[in-house]
Protein chains: 4
Amino acid sequence: MSNKIKLGFVGGGNDSLIGVLHKVASVMFDRYEIVGGVFSSNQSINKATASDLGIDLSRVYNNYEEMAKVESALSPKSKIEAVCILTPNFLHFPMAKTFLLNGFHVICEKPLSISLEEAKELKQIKDSKNLVFAVTHTYTGYPMVRQMTKMIYNGVIGDIQRVDSTYFQGWINDIIHDKEKRNSTWRLNPEISGVSSCLADIGTHAFNMLELVCGMKVNKILADLNTLYEDNPLDIDVSVLVRMENGCKGTIRSTQIATGLENNLNISVYGSKGSLSWEQENPNYLYHYTSDKPLQVLKPGHLYNTDLSLDGTKLPAGHPEGIFDAMGNIYRGVARAIRGEKNEKGEFPTIDEGVRGMDFIEKAVKSNEKGNIWLELD
Amino acid sequence: MSNKIKLGFVGGGNDSLIGVLHKVASVMFDRYEIVGGVFSSNQSINKATASDLGIDLSRVYNNYEEMAKVESALSPKSKIEAVCILTPNFLHFPMAKTFLLNGFHVICEKPLSISLEEAKELKQIKDSKNLVFAVTHTYTGYPMVRQMTKMIYNGVIGDIQRVDSTYFQGWINDIIHDKEKRNSTWRLNPEISGVSSCLADIGTHAFNMLELVCGMKVNKILADLNTLYEDNPLDIDVSVLVRMENGCKGTIRSTQIATGLENNLNISVYGSKGSLSWEQENPNYLYHYTSDKPLQVLKPGHLYNTDLSLDGTKLPAGHPEGIFDAMGNIYRGVARAIRGEKNEKGEFPTIDEGVRGMDFIEKAVKSNEKGNIWLELD
Amino acid sequence: MSNKIKLGFVGGGNDSLIGVLHKVASVMFDRYEIVGGVFSSNQSINKATASDLGIDLSRVYNNYEEMAKVESALSPKSKIEAVCILTPNFLHFPMAKTFLLNGFHVICEKPLSISLEEAKELKQIKDSKNLVFAVTHTYTGYPMVRQMTKMIYNGVIGDIQRVDSTYFQGWINDIIHDKEKRNSTWRLNPEISGVSSCLADIGTHAFNMLELVCGMKVNKILADLNTLYEDNPLDIDVSVLVRMENGCKGTIRSTQIATGLENNLNISVYGSKGSLSWEQENPNYLYHYTSDKPLQVLKPGHLYNTDLSLDGTKLPAGHPEGIFDAMGNIYRGVARAIRGEKNEKGEFPTIDEGVRGMDFIEKAVKSNEKGNIWLELD
Amino acid sequence: MSNKIKLGFVGGGNDSLIGVLHKVASVMFDRYEIVGGVFSSNQSINKATASDLGIDLSRVYNNYEEMAKVESALSPKSKIEAVCILTPNFLHFPMAKTFLLNGFHVICEKPLSISLEEAKELKQIKDSKNLVFAVTHTYTGYPMVRQMTKMIYNGVIGDIQRVDSTYFQGWINDIIHDKEKRNSTWRLNPEISGVSSCLADIGTHAFNMLELVCGMKVNKILADLNTLYEDNPLDIDVSVLVRMENGCKGTIRSTQIATGLENNLNISVYGSKGSLSWEQENPNYLYHYTSDKPLQVLKPGHLYNTDLSLDGTKLPAGHPEGIFDAMGNIYRGVARAIRGEKNEKGEFPTIDEGVRGMDFIEKAVKSNEKGNIWLELD
């Protein structure tokens with residue numbers, strides 16, 4: 001009898017880009033089987049996706065409310081245990097809330113919600129129900145991010161004295177300069193995306209990465225946002241000054257108008273004994289600088305890495321693993337948590353990270369509105 | 001009713017490094033389900049692997065002969081359709097032969113066999129049975145290898161006038177200098193590995209890559225092999241001069257004693273109009289040089305790529321996919337072939353590539369034995 | 001009869017790091033001969049340097065006042081025409097003023113002075129005397145910086161919509177954490193360095209580079225400075241939000257506590273049609289990104305470069321030139337200006353850039369003191 | 001009274017590419033002054049060059065014979081001491097011979113001559129005269145080549161077990177495919193270039209680099225040469241198998257038809273304890289691989305480098321020096337030798353390297369002619 005976790009999807013149909021990432025990641029370590037869901041609000045896509053996955057059509061639902069109701073009534077042996085939520089931002093909250101209230105573990109795309117208030121409510125429910133809740137900051141699943149986090153935690157670079165986290169994309173450039181396109185893209189629609197485009201979509205990754213690898217909170221921020229056009233309500237370009245818990249200074253920068261750039265999430269942390277730097281587009285290289293020794297370039301799969309990093313590598317050094325593997329690591333961490341197995345902090349981002357992210361987004365927008373002033377995070 | 005291909009494994013138990021690659025790759029596109037096999041000659045590993053995969057123990061066999069016999073007697077609806085062979089080199093031939101003769105499609109690790117004669121026999125059987133046979137030269141599944149192949153085929157770099165294919169690893173260094181270790185490693189044992197270590201394990205990849213991307217055969221070779229120690233019978237370091245079908249010259253170099261190097265498979269092709277270069281360790285970059293324009297760096301997922309390349313990318317540009325994804329592409333190509341769907345040459349390496357590889361290995365060993373003379377390939 | 005420009009030095013003795021850069025750069029194109037100066041306040045170094053240079057001791061002076069007086073009294077044929085000032089910051093003003101008033105052209109290290117007021121006074125004198133005045137922002141002499149500037153000017157990347165200029169070093173880390181060292185380093189001594197360490201030493205380069213390549217001014221800034229220790233009065237770590245002349249936003253970041261980093265001056269400009277990025281440590285690569293074509297990597301010496309860029313390269317492509325060659329280009333530009341030959345804007349940084357730099361330094365310090373507020377540059 | 005070495009030039013006129021490299025390099029450290037020469041066989045260029053250099057026209061000669069005769073008759077105080085020879089290959093021998101016989105030190109471009117016999121004769125004369133003779137393998141002057149050489153000498157990577165030296169250019173591609181051009185290029189004219197194009201021009205650099213950094217000789221070679229067209233007599237593409245003094249194997253590859261490539265001289269040496277790799281186009285990076293530690297990237301100017309390497313760096317780490325600086329280091333080493341100062345093996349390439357190079361070229365051509373057979377070097 002398989003001990004696999006029964007997983008349901010909301011979103012992630014065959015026309016969904018993010019869907020393939022979650023589907024592959026979930027099956028990678030034989031810890032889940034996808035047994036049902038609402039893969040699309042378009043019912044033909046909904047069914048076609050289920051069919052491709054080999055799912056019994058009786059477990060394909062018209063909407064998430066129905067799914068929650070029917071599934072929660074099934075026997076413990078057959079019912080969905082965890083739900084993966086891959087819908088646009090504004091749907092995360094009602095869906096996650098419903099599934100939590102019905103006793104399902106939740107794996108939710110970021111941003112967690114469209115307001116901090118919603119995020120806090122989800123956390124409260126989650127805590128009261130004692131369920132597992134993951135927010136898929138995918139990039140935290142890379143073995144060299146795990147390695148960087150652990151090295152900093154272990155004091156390898158000493159006290160942190162400067163930080164810079166960056167997420168630069170260029171995809172919105174061709175949209176923003178076309179009035180029609182910019183008025184019809186959901187990322188730029190406040191009703192679907194909430195108060196932010198760039199911060200919500202990618203700035204929150206940069207923020208999360210910064211707090212994760214530093215092992216410390218951002219205390220306050222001063223944000224400068226750009227919209228480029230007056231008829232565009234949401235930020236597409238962001239520069240943020242930060243003050244960390246230990247008083248150290250630095251920046252978070254994210255933009256969607258770095259024309260031609262793809263997906264440049266980079267994190268650099270400078271300490272009193274050395275510095276570490278990592279780039280998402282070349283995820284298998286971690287750069288370690290010191291004053292007196294040659295630059296060291298760490299790669300996955302070597303014994304000099306920490307256990308948490310090695311746990312995230314499946315093949316010997318030199319066989320490049322990528323973003324599917326990073327997400328696979330997160331899914332495995334979630335599985336271990338759901339099954340009550342030993343799992344380490346840092347194996348997957350929790351709802352706490354999701355709440356922090358919403359706080360960051362809201363405060364950054366407010367700091368900008370008030371003329372670029374310092375605001376403290378909660 | 002799922003149309004997934006029922007897949008069986010020989011080898012690939014939980015203690016197998018290569019196993020995880022094939023298991024993940026096979027499920028990536030929802031085209032296969034693993035239903036049975038002999039995952040290990042160690043029966044407790046055999047069963048534990050099956051259990052993790054959620055496989056009914058009735059489909060777990062003691063050996064491949066039993067598996068072939070029992071499975072071929074099952075109903076078409078439930079029987080294994082394709083077998084994945086992941087055992088040491090010398091077992092490839094008897095296993096592949098048995099499964100072919102019993103009507104199974106085969107996906108086999110390289111090298112195809114331990115002699116050219118065996119390889120040819122397999123090809124003869126395969127042809128007579130009209131089955132699909134893939135040899136998993138994994139690296140050919142990368143989108144930028146597909147792109148390079150197509151660009152050369154389309155004449156982008158003109159006539160090929162120089163070629164260099166390289167596969168450098170360092171892992172055997174710590175073994176070769178330790179008498180006990182080098183006398184107990186299966187890669188250096190002729191009874192298990194055949195006539196070659198380095199050529200068979202990685203040189204054959206470099207050779208295959210060269211013929212693939214150039215779209216032309218290597219006509220003749222002159223090989224220089226090194227063993228380092230007199231009590232080591234098999235090559236661990238190889239330099240080969242090549243003459244291509246069109247008369248152009250170049251080299252194939254492979255070594256297992258490039259201390260500290262991981263998995264450096266690189267291919268460079270120089271043409272009359274430009275040059276292309278690709279490296280396995282950074283697989284998402286393809287370098288295109290010309291005389292009069294800036295260096296161009298192609299990356300996966302962009303519309304400037306060919307259809308065959310784009311077919312191999314699941315996410316938008318900047319989300320690095322890796323070797324699991326490359327193997328996933330090969331598995332999907334095989335699935336399309338098995339199901340009789342449209343599939344393009346280059347989606348997966350066939351038994352023809354396997355036979356060519358064995359010819360290369362044998363001739364290279366012979367060229368070296370005879371004092372580094374030119375020998376023609378078949 | 002040689003038409004070489006007679007050059008005098010103030011500073012740049014054999015114990016000076018910066019001295020070798022100027023000496024080599026000045027002789028590179030046979031446009032200057034060094035004929036005299038005050039190479040050091042230490043008279044034995046002063047004379048030894050002159051001797052190594054093959055300079056007649058009658059032209060070696062005890063101090064700059066004497067040098068200005070004696071040299072200005074010599075015949076036009078033999079007297080020094082231009083003076084190179086390489087002393088600590090606080091001496092730039094009195095020296096440059098004296099030499100200008102006595103009719104000498106000046107080549108001065110940055111920052112131009114220790115206050116904006118001084119800088120403006122120098123500019124006024126320089127203008128009234130119709131002399132050539134260069135401020136050696138060395139990095140502007142690289143051929144690919146010239147290429148980047150021209151490409152932006154030519155509209156290759158369209159309208160500028162985001163900018164980031166960065167200068168990260170780590171050399172002060174080992175000093176700042178040692179109380180004795182940090183209290184005895186001249187860069188951290190306000191009497192010698194003026195109001196700033198990091199801004200004055202390297203931030204001004206990042207600022208200058210930004211205005212140069214964008215061909216537009218920074219309108220206002222909001223700066224966040226760090227000193228790390230209370231007993232250290234001067235900034236060693238800086239983050240600045242900027243608003244460009246055209247309204248576009250971005251950052252200037254500079255730090256001396258990026259432990260282990262060497263000399264990372266980078267500039268990235270993102271436009272509506274494409275982006276350009278350049279790094280000082282790998283100065284012969286210019287990255288050009290667009291939405292729909294492969295990344296293009298431009299290198300020096302190719303005919304696809306602009307005339308201004310090609311003017312800065314002496315050897316065919318692939319023969320890496322470096323920082324001495326960059327400074328050599330600047331010296332040649334100055335020589336052309338002194339001799340009244342055709343020379344293009346951008347061949348060397350003028351006193352205007354020096355004045356702008358001082359404005360930036362003063363306003364950044366003030367913005368920080370006032371709690372990180374926006375201040376307009378002149 | 002200046003102690004500078006009086007230097008004369010043969011070749012290196014204003015129309016000469018190589019001239020600027022030697023002129024700048026010679027003045028870089030204030031060790032030479034250029035006082036006369038035959039800068040061009042074109043007398044107007046000859047005089048214009050001298051004029052630009054500020055040279056008295058009485059020291060400008062019509063030809064090298066006149067120069068040798070007149071200069072050797074001058075007083076020791078004023079006469080040229082060393083001659084720099086920058087003419088096409090076939091002129092190196094008669095010129096160098098003449099100057100040696102008249103008591104001048106010689107700095108000669110490579111290849112040393114157009115035959116091994118000539119090279120040996122030059123060496124004999126040089127030895128009998130007790131003069132300094134440098135062959136300008138420019139690339140050996142880079143600080144990281146010096147570092148690599150010393151690290152290998154010091155045993156850092158253990159016993160050498162595999163070597164690869166490569167020099168790939170593409171510049172001849174556009175010439176070779178144009179009948180008229182290829183029949184009129186001096187590099188392809190045996191009367192001017194000798195028996196080889198590619199080997200003589202760049203293969204000899206790769207060979208020299210290999211023997212230099214390994215600190216050991218190449219014992220024998222097997223060469224495969226390509227001409228592409230029947231009417232082209234000289235090699236433009238070369239692959240060579242090598243056997244080193246210690247029995248280790250490897251390759252030397254050089255080509256002029258790697259379309260679009262610039263000046264890719266790379267050297268990799270693999271040892272029993274680690275490996276080292278260096279590339280001319282990014283000369284300030286030295287890669288050190290080991291089995292169990294992260295890749296280390298060494299850069300110039302750090303105290304972890306050897307004295308010989310540090311001697312070759314003028315500025316602090318992060319200020320990239322280039323090929324002019326590499327040649328400057330060689331010129332300084334020659335100056336030290338001429339003045340009898342302490343200088344270390346490896347500061348400049350001597351006539352011994354020049355003789356070895358000619359041996360390599362001749363044997364490689366012969367090996368190819370005889371059907372790719374092994375030939376021993378002297």
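Reader: What makes the approach of S16(B) to I18(B) at the start of α1(B) a polar contact?

Author: This is a predicted model, by the way. A side-chain oxygen of S16(B) comes to within 3.4 Å of the backbone nitrogen of I18(B). The cut-off for a pair of N or O atoms is 3.5 Å, so the pair counts as a polar contact.

Reader: Why is helix α1 of chain B described as largely enclosed?

Author: Helix α1 of chain B spans residues 17–27, and eight of its eleven residues are buried, so the rest of the structure largely encloses it. Buried means under 20% relative accessible area. The buried residues are G19(B), V20(B), L21(B), H22(B), K23(B), V24(B), A25(B) and S26(B).

Reader: And what covers the buried residues of α1(B)?

Author: The cover includes strands β1 (5–10), β2 (32–38) and β3 (82–85) of chain B, along with helices α2 (43–53) and α12 (323–338) of chain B.

Reader: Over to the rings. Why is the F99(A) and F104(A) pair called edge-to-face?

Author: Their centres are 5.6 Å apart, with 80° between the planes. The centre limit is 6.5 Å and edge-to-face starts over 60 degrees, so this pair passes on both counts. F99(A) and F104(A) are both buried, and they form one aromatic cluster with Y64(A).

Reader: Then why is the pair of Y142(D) and W278(D) given another label?

Author: The planes of Y142(D) and W278(D) are 50° apart, with 5.5 Å centre to centre. Stacked needs under 30 degrees and edge-to-face over 60, so this pair is tilted. Y142(D) is in the loop between β5 (133–135) and α6 (143–153) of chain D, while W278(D) is in strand β11 (residues 275–279), 136 residues apart.

Reader: Are Y142(D) and W278(D) buried or exposed, and how do you know?

Author: Y142(D) has 1% relative accessibility, so it counts as buried. W278(D), at 0%, counts as buried too. Over all chains, the count is 32 aromatic pairs.

Reader: What makes R182(B) a charge over the ring of Y229(B)?

Author: R182(B) lies over the face of Y229(B), at 3.9 Å from the ring centre. The distance limit is 6 Å, so that value qualifies. Another case involves two chains: the charged end of K314(D) sits over the ring of F324(C), 4.3 Å from its centre.

Reader: How many disulfides are there over all chains? And why is C84(A) not bonded to C108(A)?

Author: Searching the whole structure gives zero disulfides. The closest cysteine sulfur to that of C84(A) belongs to C108(A), at 8.6 Å, which is too far for a bond; the cut-off is 2.5 Å. C84(A) is buried, with a relative accessible area of 0%. In chain B, C108(B) has the sulfur of C84(B) as its nearest, 8.6 Å away, and is in no disulfide. C108(B) is at 0% relative accessibility, so it counts as buried.

Reader: One more: how do you know what kind of axis relates chain A and chain B?

Author: A rotation of 180°, with 0.0 Å of shift along its axis, puts chain A on chain B with an RMSD of 0.0 Å. Therefore the two copies are related as by a two-fold rotation axis. The C-alpha of G322(A) is the nearest to that axis in chain A, at 2.3 Å. The same surface serves both copies, with 100% of the contact residues of chain A recurring in chain B.

Reader: Which rotation superposes chain A on chain C?

Author: A 180° rotation with 0.0 Å of shift along its axis, at an RMSD of 0.0 Å. Here, too, 100% of the contact residues of chain A recur in chain C.

Technical notes
Residues numbered from 1 in each chain as written. Chains lettered and ligands numbered in written order. Predicted model: local features only at pLDDT ≥ 70, side-chain atom pairs only at ≥ 80, totals over all residues. Heavy atoms only, no water. Least-squares fit on C-alpha atoms with pLDDT ≥ 70 in both. Contact = heavy atoms within 4.5 Å. Phe/Tyr/Trp six-rings, centres within 6.5 Å; stacked < 30°, edge-to-face > 60°. Buried < 20%, exposed > 50% of the residue type's maximum accessible area, 1.4 Å probe, protein only. Helix = DSSP H or I, 4+ residues; strand = E, 2+ residues; numbered from the N terminus. Lys NZ or Arg CZ within 6 Å of the ring centre and 35° of its normal. Polar contact = N/O pair within 3.5 Å; in protein donor to acceptor, adjacent residues only side chain to side chain.
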